[in-house]
Amino acid sequence: MPRNAVVARSLGAFALIAIFAQTVPAVAGEVDHQDFTRVERGRYLATASDCISCHTVPGSGRPFAGGRPIETPFGNIVAPNITPDLETGIGAWTDDEFDTAVRKGIGPRSGRLYPAMPYTAYTKMSRDDVLAIRAYLSTVQPVSNRVVANTLPFPFNIRTAMLVWNALYFKQGEYAFDPQKPREWNRGAFLVDGPAHCGACHTPKSMLGGDKVAQYLQGSYLQGWSAPDITNDANRGLGNWTIEDIATYLKTGHNRTTAATGPMAEAVDLSFSKLTDDDARAIATYLKSLPGRQDTPPPLAKDTPVMVAGNAIYRDQCAACHGLDGKGIARLFPSIADSSMVRSDDPTTVIRIVLRGARSVATKAEPTAPGMPSYAWQLTDEQIAAVLTYMRNAWGGAAPEVKPAEVTRLKSSLALRPD
């Protein structure tokens, strides 16, 4: 999360705080919100948790004030106000209430929360971690903004149903350090499964919205995008990326083969780019330890009609930027040949990019933010399917053929989306 400015205090004000702290005892069980070391730790954990993304309406200028709709397969849930406003935010909550909401999914007034607030991951944090986040949130500007969070249709708006869901999918408990693994691996596992809640996007979901744990981080669908496999799978995942490739991507949104777009661009901008280099490498180390499926299918033959047609379209429309060899230009035009996203089982994202175009993320380290134009006006659905099928099966890659009907279906659904 971007750093929210703590109000500047004069030396005299600091002296008064110090005197006050010595003369007035802290309330038992409550966080001392003037513990600036804890506030900074909480700011970092809140950034790693990407709280600002969901709890801030983009462009509103009101960080953490809530009101942003979070799309789920069952309808939209509106993110609540988590500023320290006493009436409409969390300012009147006790530490126990905040901890119970974040790590157990039970709000003090709303009752059981929906996993759009990823308490299923935040449970990996300690109470001290969560209260550090609370200490940080207590320093942000209070905003009066009353939010009605539960906008789900019946019967999904009945919160008591979460008792059953939690019994099926929620395992409460802090992260358990694995003594058989190095400290860096453990740090990465904690970040991936805890604050960063990577599985919320990258692990496939059941019909009830719970994680399919047997397919951990092997790619999923959300909000009109397909989140890729981020295991070490050589064909669909990060098997051809080095630890440095992954860490660089997280910190800058770009690396030698690809660039972040869509929801991942926002995650890089607001969260991952602000992690320490050590934490980015820890995440990369952990992800590289996950074998994934490793069941590369055979590629389509080069002389099949769809591959011949796709090759011709690629040469005409794509090769100028991405090269005849599909390698692109490092940190400018992504490598198609090395892209696991292109070869994903679910081609939603690559179809979407061809239909709508895309702009990569701009970060302090990589401010250029190259983009790709839309080809929906120029290529038919059959041509888009053919060129994507070619890209998915050329240069040593292998993936199922993209059917024109998939392009047509996605084009129709995208027409209804404001994003």
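Into which domains is the chain divided? In this predicted model, the chain falls into domain 1 (3-169), domain 2 (183-288) and domain 3 (305-414). Let's spend our time where domain 2 and domain 3 meet, and then look at the cavity.

Start with the overall placement of these two domains: the C-alpha centres of domain 2 and domain 3 are 21 Å apart. Their contact takes 27 residues from domain 2 and 26 residues from domain 3. The size of an interface is often given as the accessible area lost when the parts come together. For domain 2 and domain 3, the buried area comes to about 2100 Å², with 53% of it on carbon and sulfur atoms. If you would like some residues to select on the domain 2 side, try Ser-226, Asn-235 and His-254, which lose the most area to domain 3. Together, these residues account for 26% of what the domain 2 side buries.

Now for the polar side of this interface. Between domain 2 and domain 3 the count is 1 salt bridge. Elsewhere in your viewer, you can pick out Arg-236 and Asp-345, which form a salt bridge with their closest N and O atoms 3.0 Å apart. Polar contacts add to the picture, as 12 residue pairs are found in polar contact across the interface of domain 2 and domain 3, both residues of a pair being at pLDDT 80 or more.

Finally, the empty space. Rolling a probe the size of a water molecule over the atoms shows where such space is left. Here, the structure holds 1 cavity of 30 Å³ or more, and the volume of the largest cavity is about 40 Å³. Which domains supply its lining? Domain 2 (183-288) and domain 3 (305-414) each give at least three residues to the lining of the largest cavity. Walking along the chain, you meet the lining residues His-254, Asn-255, Arg-256, Thr-257, Thr-258 and Ala-259, and later Ile-329, Ala-330, Arg-331, Leu-332, Phe-333 and Pro-334. By class, this lining has 6 nonpolar, 4 polar and 2 charged residues. His-254 deserves a second look, since this residue lines the largest cavity and is also among the domain 2 residues that lose the most area to domain 3.

Terms used
Residues are numbered from 1 along each chain as its sequence is written. This is a predicted model: local features need pLDDT of at least 70, side-chain atom pairs count only at pLDDT 80 or more; totals for chains, interfaces and linings use all residues. Side-chain values use heavy atoms; hydrogens and water are left out. On a 1 Å grid over the protein atoms alone, a cavity is a set of points where a 1.4 Å probe fits but cannot get out, and a pocket is an open set with protein on both sides within 12 Å along at least five of seven lines; lining residues have an atom within 4 Å of a point. Grid points are joined across faces, edges and corners, and a volume is the space filled by probe spheres set on the points. Ala, Val, Leu, Ile, Met, Phe, Trp, Tyr, Cys and Pro count as nonpolar, Asp, Glu, Lys and Arg as charged, and the others, Gly among them, as polar. Domain bounds come from an automatic or database domain assignment. Contact means heavy atoms within 4.5 Å. Buried area is the accessible area (1.4 Å probe) that two parts lose on being put together, summed over both. A salt bridge is a side-chain nitrogen of Lys or Arg within 4 Å of a carboxyl oxygen of Asp or Glu. A polar contact is a pair of N or O atoms within 3.5 Å; within protein, one must be able to donate a hydrogen and the other to accept it, and residues adjacent in sequence count only if both atoms are side-chain atoms.
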